[in-house]
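Biologist: I am new to this structure and would like to go through it with you step by step. Could you show it to me before I begin asking?

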Amino acid sequence: MKRPEIDIIVVGAGHAGCEAALACARMGLSVWLYTLSADTIGLMPCNPSIGGLGKGHLVREIDALGGEMGRAADASCIQYKILGTSKGPAVQGSRMQCDRLEYSLAMKSAVEKEPNLLVRQEMVDSLLIKERVCLGIRERSGYEVSSQAVVLATGTFLDGVIHVGQVSYGAGRAGEFPAQGLASQLKRLGLPWGRFKTGTPPRVKGATVNFALMTEDPGDDFIRPFSLRTSRVSRPVRSCFRTYTSKLTHDIVRGNLLRSPLYSGTIKGTPARYCPSLEDKVARFPDRERHPVVAEPEGLHTSELYLKGLGNSLPPEVQTELLRSVPGLEEAEIVRPAYAIEYDFIHPTNLRLTLESRTIARLYLAGQINGTSGYEEAGAQGLLAGINAALAIMGKGPFILDRSEAYIGVMVDDLVTRGVSEPYRMFTSRAEYRLLLREDNAAERLLRKGQALGLVPSHLVDELETKLRMLENNLRLLEGIRVKPTAKVNDLIRSRGGREIIEAMSGIRLLKRPEISVEDLVHLGILDSGLDAELRSQIEIRLKYEGYIDRQIREANQFQKMEKAIIPEDIDYDRVQGLSRELRERLKSVRPHSLGQVSRIPGITPAALSALMVRMRAG
């Protein structure tokens, strides 16, 4: 029997896999999406939330390029918060607490509705490889399926091992089989691999928690949708509740450290430094008297609570003892114990900027297999990998975002150029041009690119153009308005601690004063009270940060000159005079796309960069 042939196979139906499969299908290609269970598509195995500092930027970028994560979050939102409000607009990030089940159902529905996409519930045991090109997959049963490209989005399943106290067993997630055959094959093929560790905290029955001893956090009143395709979010909301560990909690952890596989030597994989387990926090910060714990609802139709801050891999009986020492959790009953999981990842320096493997052609990698952590990081990689796999099959050029265009570009460049020594997480501090890469202008930056790819409908671009024209019209209006030093104006300025004006000035000059906001101009009748909140925010950001924005634009233009200096694929680094042996090996490993990428490789000196430029001019 002739084996079936389709365009693209995506292995794994988590956040990366769903975005990859949807992108390929929406670009007109036939896709098979493999998962071990069709009931766990888009599952949130850890924190039931989407977004956050740096991560919210990724969600809006995914949406602007036609991805699905923002829509699924909007459809399942049960709480909304803007984080970092005490700081500038560049670092503020939206976060949605989601109903875990409803998020998964929303993503599953999106996947199942795509006419070019088939979900297939089966284990992928190995890849079909011929002459270093990926030609499809082999299922566990031996059934072979041909394709023109494969996207691996395997999450924590590659040789995954779960640890709870002294007990360890193979699993990709709790209750699911690990992908051992595929993990072994990738090693045999020569892909450079490593081992990382992550984990998840216990879930408890809500009825057994004493919320009176905790601090309630109801979230923000106004919910701004993540997706441009969501007109408004009108759903029931739920509060989170904050408490803290106690001295007794820390004593219990210290007394049981050697029963933790993290400290007994059982776990060899590297954990995330920025998201430490409770054992790590107690051991690494002995002077801290307490650590925050947040009880987050898992959904509208379940009483389960996710205990953020209590992630550990201690034995179940110790986990129960720990809970008894935390205010509000004295009677809490554990529904799902905490655990740690170790898994294989592929060093991302083996990838091109398209997320295609350098070792195996037509093989794309996305998500935790690339050494990252987080739903948002995974979704962004899945979208990019899917787009590039589709473009390659269609005979079109690659889709690459640079560091001045998107947080997605920052992340991929970090992974491919610098590699990872611990699970990678997006932070706003990673972006040099973060004032240009704000959450609020993601559509302005990327929506037209999404339309060009065939992933964004034209009416959304038309709506964007209308909003931008309204912004420019209001800015011109402010430039032309002369604000006189009336008693009403000066009373307002003095009430804000500012110096009163003594002569007429433009509305723009007045708004640029630090004590004056757009809301003040509306109150004074200078701006129309009918302006929506988003437009008001855009006006204020554009004017108050104008100088900083202009400077970053100039810096980004200089940066792009280096990015456009493309290095020939076949360059022989051994013939570049002035490079040390170590730098030659590093350049051969990364195979940088441009001089800009070369400049960001660890260890590259100005002299080495100059030597490479000389070689490129010589041809």
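Modeller: Before we turn to the first helix, a definition is needed: helices here are DSSP runs of at least four residues, in state H or I, numbered from the N terminus. Please also keep in mind that this is a predicted model.

Biologist: Which residue follows α1, and what is the value of its phi?

Modeller: Helix α1 is made up of residues 15–26. The residue named as following α1 is Gly28, and its phi is positive, near 95°.

Biologist: How far apart are the end C-alpha atoms of α1, and what span should its twelve residues have?

Modeller: At 1.5 Å a residue, with the rise counted for one less than the number of residues, the twelve residues of α1 should span 16 Å. The model agrees with that expectation, since the end C-alpha atoms of α1 are separated by 17 Å.

Biologist: Is α1 mostly covered or mostly exposed, and how many of its residues are buried?

Modeller: A residue counts as buried when its relative accessible area is under 20%. Among those of α1 that meet this are His15, Cys18, Glu19, Leu22 and Cys24. The helix is thus mostly covered, the number of buried residues among its twelve being eleven.

Biologist: Is Glu139 buried or exposed, and which side chain makes a polar contact with its side chain?

Modeller: Glu139 belongs to strand β8, which covers residues 133–139, and because its relative accessibility is 2%, Glu139 counts as buried. Leaving aside residues up to four places away in sequence, Glu139 touches several others, including Arg120, Glu122, Asp125 and Val145. Its side chain makes a polar contact, at 2.6 Å, with the side chain of Tyr34.

Biologist: How are the rings of Phe196 and Phe345 arranged, and how many residues apart in sequence are the parts that this pair ties together?

Modeller: The count of aromatic pairs comes to five. In the pair of Phe196 and Phe345 the ring centres are 3.9 Å apart and the planes lie at 15°, so these rings are stacked. Phe196 is buried, with a relative accessible area of 2%, and Phe345 is buried too, its relative accessible area being 2%. Since Phe196 lies in strand β12 and Phe345 in strand β19, the pair ties together parts whose separation in sequence is 149 residues.

Biologist: Where is Arg438 found, and which residue's backbone oxygen does its side chain reach?

Modeller: Arg438 is found in the loop between α11 (407–418) and α12 (442–452), and at 6% relative accessibility Arg438 counts as buried. Not counting residues up to four places away in sequence, Arg438 touches residues that include His57, Pro89, Arg445 and Gln538. Its side chain reaches, at 2.8 Å, the backbone oxygen of Leu435.

Biologist: How many disulfides does the structure hold, and how far from Cys46 is the nearest cysteine sulfur?

Modeller: The structure holds zero disulfides, a disulfide being a pair of cysteine sulfur atoms within 2.5 Å. Cys46 is partly exposed, at a relative accessible area of 23%, whereas Cys275 is exposed, at 52%. Cys46 is in no disulfide, and the nearest cysteine sulfur, which belongs to Cys275, lies at a distance of 7.0 Å.

Technical notes: Residues numbered from 1 in each chain as written. Predicted model: local features only at pLDDT ≥ 70, side-chain atom pairs only at ≥ 80, totals over all residues. Heavy atoms only, no water. Helix = DSSP H or I, 4+ residues; strand = E, 2+ residues; numbered from the N terminus. Buried < 20%, exposed > 50% of the residue type's maximum accessible area, 1.4 Å probe, protein only. Contact = heavy atoms within 4.5 Å. Polar contact = N/O pair within 3.5 Å; in protein donor to acceptor, adjacent residues only side chain to side chain. Phe/Tyr/Trp six-rings, centres within 6.5 Å; stacked < 30°, edge-to-face > 60°.
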